[in-house]
Amino acid sequence: MSRTSHSRAAKAFQEDRNNAVWHDETLWMVRQKRDKLSHNIPEWEDLRHTARDIKLYSTSHLPELIEEFEKNAKANGCYVHFAKDAKEYREIIENILKEHGAKKLVKSKSMLSEECELNEHLINHGIDVIETDLGERILQLMDAKPSHIVLPAIHIKRERVGKLFEEKLGTEENNYDPTYLTHQARKALRQDFLNADAGMTGANFAIAETGEVVVCTNEGNADMGMSCQNINITAFGIDKLVPSRESVGVFTRLLARSATGQPITTYTSHFGRPHEGGEQHFILVDNGRSEILGMEQHRKTLNCIRCGACMNTCPVYRRSGGYSYSYFIPGPIGINLGMLKDPRKFSGNVSGCTLCFSCSYVCPVMVDLGEQIYVWRQKLHDLGVANQEKKTMSDGMKFIMEKPKLFNSALKMAPMANHAPRFLLYNGLNKWGQDRELPRFANESFNSWWKRTHKNNK
Ligand code: SF4
């Protein structure tokens, strides 16, 4: 069966068997931590429902919330900009930095900047960008992309980080102690915080009622970046808007528990005013979000608070790694967002799903991820990207299953496969059997067993 982009990349990831097993186990450990903490909160399911309702309220009242946010942020002395797409977003940031002669930007993690390819743009325009989240910094030094939205460097073992730091930061040879490596990274980053000209962060939530944003980190890097510089930029998708501080309380109870199995992130910071003599810029970015709002079957993807729980639980993500997905966000939410961005280009990811619905079950804001992937699968044919061999097989199955006599005869003959020579079953014609063993057929079908044992039952 011809492979999808996802299954090809997953096969390559699986070749390093030990690493693949370690990846699977590490993420499963995070999922278990999430379970433990969520079970400690009796009202967990109520919280999920409330969070979903707040999000649905927010996305259905976006024009009012945007207006309210703008009014309050301006009253707080901040600048507010609007970007309809990635190009405008990049240009606004570039212009702010250039107006102030800024040559170096310290940035805390923002998936929006990945979505809009900000770093490449700024570097090409002579502005140095330093990622300050430790995982992101490791990846930046490696010239690699995040493989997870919350744990961007989860796929990299500490020995590799040690070697990288030896080369880039001049750390001790063969010292892979995580505490030592973290301290060394912190020492190096401290200089970047002090020497930069501007600080930038994404946002977890933007509060309309107060015109401020909330940023959750475990390392305090957003706070450092925003405190050490007078020129501060915060950019976020319009889906991050929520009505009030009170509503943020619901999300903060869900976010860290779902993401990493912590009760709360170490730092939950509110940024709402410029420093004395400084500037705070907010950039509200659309980049396709209003179009998603108009798609009834998919608008719930805008509920996503980017906790990564759907990745940690996904049996396919855990076994195939973040880089097996062609969209920059991997896992169940990435499959859906990629299809919304460009369904033909990113259709290869749709195969990375067993439809087990575990993602829908853990999502703290009740995004119906598995259900939406199922909807996309139905659309592959109309998009002209369905797998022809799978379609032929499905047509064959349909043909047999619609004819009870033929179906029952096929079932009777199936056990013969148990005794057939291996080369007859596992050859080039049986693409399905290339990666897995066929199940052993029972000697008697359920149908004939039922008839034999229940012949007197009507
Ligand atoms: S879809 Fe849900 S589980 Fe997945 S990242 Fe978003 S909020 Fe978390």
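This report walks through a four-stranded sheet and two buried residues in a predicted model.

## The sheet

Let's start with the strands. Four of them make up an open sheet, lined up as β8-β5-β6-β9, and their pairing is mixed. The edges belong to β8 (241-242) and β9 (267-271): each has a single partner strand, so one side of each has no neighbour in the sheet. What holds paired strands together? Strands of a sheet pair through backbone hydrogen bonds, and they can do that in a parallel or an antiparallel way.

Now zoom in on one pair. Strand β6 (residues 212-217) teams up with β9 in the antiparallel sense, over five bridges. Here Val 215 sits opposite Ser 269 in β9.

## A helix across the strands

The sheet has a helix lying across it, too. Helix α12 (residues 245-259) crosses β5 (205-207), β6, β8 and β9, and it runs at about 165° to β5.

## Ser 358

Next stop: helix α17 (residues 358-362), where you'll find Ser 358. Is Ser 358 buried or exposed? Its relative accessible area is 15%, and because buried means under 20%, Ser 358 counts as buried.

Which residues does Ser 358 touch, leaving aside neighbours within four places in sequence? Those contacts are Arg 31 and Thr 313. With Thr 313 there is also a polar contact of 2.7 Å, joining the two side chains.

## Thr 59

Over in helix α3 (residues 44-60) is Thr 59. Its relative accessibility is 7%, so Thr 59 is buried as well. If you skip residues up to four places away in sequence, Thr 59 touches Leu 293 and Leu 302.

Note on methods:
Residues are numbered from 1 along each chain as its sequence is written. This is a predicted model: local features need pLDDT of at least 70, side-chain atom pairs count only at pLDDT 80 or more; totals for chains, interfaces and linings use all residues. Side-chain values use heavy atoms; hydrogens and water are left out. Buried means under 20% relative accessible area, exposed over 50%, partly exposed in between (1.4 Å probe, protein chains only). A polar contact is a pair of N or O atoms within 3.5 Å; within protein, one must be able to donate a hydrogen and the other to accept it, and residues adjacent in sequence count only if both atoms are side-chain atoms. Contact means heavy atoms within 4.5 Å. Two strands pair if DSSP finds at least two bridges between them. Axes are lines fitted to C-alpha atoms, for helices over the stretch in contact, and angles run from 0 to 180 degrees between N-to-C directions.
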